[in-house]
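Thanks for making time, everyone. Let me put the structure up and then walk you through a few spots in it.

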Amino acid sequence: MADTKYTQEHEWIRVEGDVGTIGITQYAQEQLGDVVFVDVPQSGRKVTKGEACAVVESVKAASDIYAPATGEVVEANAGLADSPGDVNAEPMGKGWFFKIKLLDKGELSGLMDEAAYNAFVKTLG
Amino acid sequence: MGDTLKRTPLYDLHRELGARLVPFAGYEMPVQYPTGILAEHAQTRTAAGLFDVSHMGQVRLTAKHGQNAAKAIETLVPGDITGLQPGQQRYTQLTNDSGGILDDLMITSTGDHLLMVFNAACKDADLAHVQKHLAATCEIEPMFSRGLLALQGPQASQVLARLAPQVATMKFMTGAFFVIDGARCYITRSGYTGGDGFEISTPNDATDAIARKLLAEPEVKPIGLGARDSLRLEAGLCLYGHDIDTTTTPIEAGLLWSIGKERRTQGGFPGAAVIQKQIAEGAPRKRVGLLPEGKAIAREGAEIAIGAKTVGKVTSGGFAPTLGRAIAMGYVERAHSGNGTKVDLLVRGKPVPAEIVPLPFVKNAYYRG
């Protein structure tokens, strides 16, 4: 059963087995506005928790996406090249960014669950 | 001033429309409405968009007895202002002694007065500058509380003609007084999108009602500052503080066309010696259009390189919705500034191949009659 966790930088990571799928939240896509390009990391790249490893370009600005956990990239969402708008339309579905093979699932315990994240977003006004 | 953000006469309307408001030049301004920047951009290119630009600084200049306001303002700008017929408008710049640009502005002659529109972020400094130099010759009246609406797009004319029929035959860069909804407005056929459109100067207390009237027309939707920026970038228009500033001259910026022919030889404006030398010998660098390959966006500050050599810097860059691709503008050393030159734009440290191309990126659609 998949378990989804959230960061204070508005990334989500959905864990199935030892692979985590990473994207940005509904709140993040609303704040960014129309996404026009996503620079995703290539398979094989090793990323460290907190490292800037993808960039999402909206019409307004470029924003870094940080790895919510340490691991190795096993797949990037190739569909975003032609449909970056998927990030706006389905940020937690078709608009995912990349998948990593997790080095240490224990790292995820510091992240928020859905209820905690929703409460966190409420504090942002 | 403090930290309090100012509000335009349309603040309540923006809130009602669900705008995302951001601080801009000391004002709380709408960056976008719920439909988003791409939709707002397309709306303005295909139908009509209404922009609140009331934050810009409107100033009226009137000659004192026995004086000439156009002659007076020509001591501060390189544009041909004395040649303006009543109802004509020009784009020009306030220059400094080294030929740099303090601000860029529109000046319209009404016959009795000159109406100037400054950038919001510069308007206080501009007003002080004009007062310092022209107080002896002109009455200088800031009209900062007036509203300014921009109605832009291919259907702007048919919409505005319902409220003021004569606007339909106005030509690009002309202006006239109109009464809309009982309020005396000054309308110019101009804008900042590269398309057809109007700017409507309104009495403060009539601004909201006129904006609502325009928004009630089926062709019109509200447009925020986000799309204003992508529209002007496609049109190759300069954004003050980014593409032009006190360190760039009008010649470097490719604005020679805005300098009056006689003024090029006669001078008489701040920095004339520098600007005349650049007209004669060429400027050391030039503002150019840049078309990057692929999808990466080179934004302001990105270095422009040829091989290992840095030859310039991006001053504006973004996604061009009309073209569905990234575009940019920047300054490049003159020797490397020719159209077709291949360069690299350094985006997050990675070179993105790009080509120098003529501006604008999207063809102008001004109404010239």
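Let's start at B:Met173, which counts as partly exposed because it has 19 C-beta neighbours inside 10 Å; the cut-off for buried is 20 or more. I should say straight away that this is a predicted model. You'll find B:Met173 in the loop between helix 5 and strand 10 (175–180) of chain B. What is phi at B:Met173? It's near 65 degrees, a positive value in a residue other than glycine. Most residues other than glycine have a negative phi.

There's another one of these in chain B. B:Ala25 has a phi near 50 degrees, again positive and again not a glycine. B:Ala25 sits in the loop between strand 1 (20–24) and strand 2 (27–32) of chain B. With 17 other C-beta atoms within 10 Å, B:Ala25 is partly exposed.

While we're on backbone geometry, go to the segment after strand 19 (350–357) of chain B, where you'll see B:Pro360. The peptide bond joining B:Leu359 and B:Pro360 is cis, with omega about -5 degrees. Most peptide bonds are trans.

Back to helix 5 of chain B, residues 156–163. Which of its residues are buried? They are B:Ala156, B:Val159 and B:Leu160. Looking down the helix axis, those buried residues fall within an arc of 90 degrees, so they line one face of helix 5 of chain B. If you want the general reason, an α-helix has 3.6 residues a turn, so residues three or four places apart point the same way. And what covers that face? The cover on the buried residues of helix 5 of chain B includes strand 3 (48–52), strand 9 (147–152), strand 12 (197–202), helix 6 (207–215) and strand 13 (220–223) of chain B.

Okay, zooming out to chain B as a whole. We've got nine helices and 19 strands in there. The C-alpha atoms fill a box of roughly 60 × 50 × 45 Å along the principal axes. The radius of gyration of chain B is 20 Å, and that agrees with the value near 21 Å for a compact globule of 369 residues. Of those 369 residues, 49% count as buried. For contacts in chain B between residues at least 6 apart in sequence, 67% join residues at least 24 apart.

The domain assignment splits chain B into domain 1 (11–54 + 146–234), domain 2 (57–132 + 249–281) and domain 3 (284–357). Between the centres of domain 2 and domain 3 of chain B, it's 30 Å, taken over C-alpha atoms.

Now the nonpolar core. The largest one has 119 residues, and A:Val38, B:Ile73, B:Leu151, B:Ala298 and B:Leu345 touch the most other members. The largest share of that core, six residues, comes from strand 17 (residues 325–333) of chain B. Take B:Leu345 as an example: leaving out residues up to four places away in sequence, its contacts include B:Leu290, B:Pro292, B:Ala298, B:Ile304, B:Val314 and B:Val352.

Chain A is next. It has three helices and nine strands, and along the sequence they run β-β-β-α-β-β-β-β-β-α-β-α. Its radius of gyration is 13 Å, close to the 14 Å that the globule rule gives for 125 residues, so chain A is as compact as a globular protein of that length. The C-alpha box for chain A is roughly 35 × 35 × 25 Å. Of the 125 residues, 43% count as buried.

Two residues to click on in chain A. A:Gly110 is in the loop between strand 9 (98–102) and helix 3 (114–123) of chain A. Buried or exposed, then, for A:Gly110? It counts as exposed, with 11 C-beta neighbours inside 10 Å. A:Gly110 and A:Tyr6 are 104 residues apart in sequence, and 9.5 Å apart in space, C-alpha to C-alpha. The other is A:Gln31, in helix 1 (residues 26–32) of chain A. A:Gln31 is partly exposed, with 15 other C-beta atoms within 10 Å.

Last stop is where the chains meet. The contact takes 13 residues from chain B and ten residues from chain A. On the chain B side, the elements giving two or more residues are helix 2 (37–46), helix 7 (225–234) and strand 16 (309–320) of chain B. The chain B residues that touch chain A divide into five nonpolar, five polar and three charged.

Definitions and conventions
Residues numbered from 1 in each chain as written. Chains lettered and ligands numbered in written order. Predicted model: local features only at pLDDT ≥ 70, side-chain atom pairs only at ≥ 80, totals over all residues. Helix = DSSP H or I, 4+ residues; strand = E, 2+ residues; numbered from the N terminus. Rg over C-alpha atoms; globule rule 2.2 N^0.38 Å. Buried ≥ 20, exposed ≤ 12 C-beta atoms within 10 Å, placed from the backbone. Contact = placed C-beta atoms within 7 Å. Nonpolar A, V, L, I, M, F, W, Y, C, P; charged D, E, K, R; others polar. Arc of directions from axis to C-beta. Domains from an automatic or database assignment. Core = buried A, V, L, I, M, F, W, Y, C linked by C-beta atoms within 7 Å.
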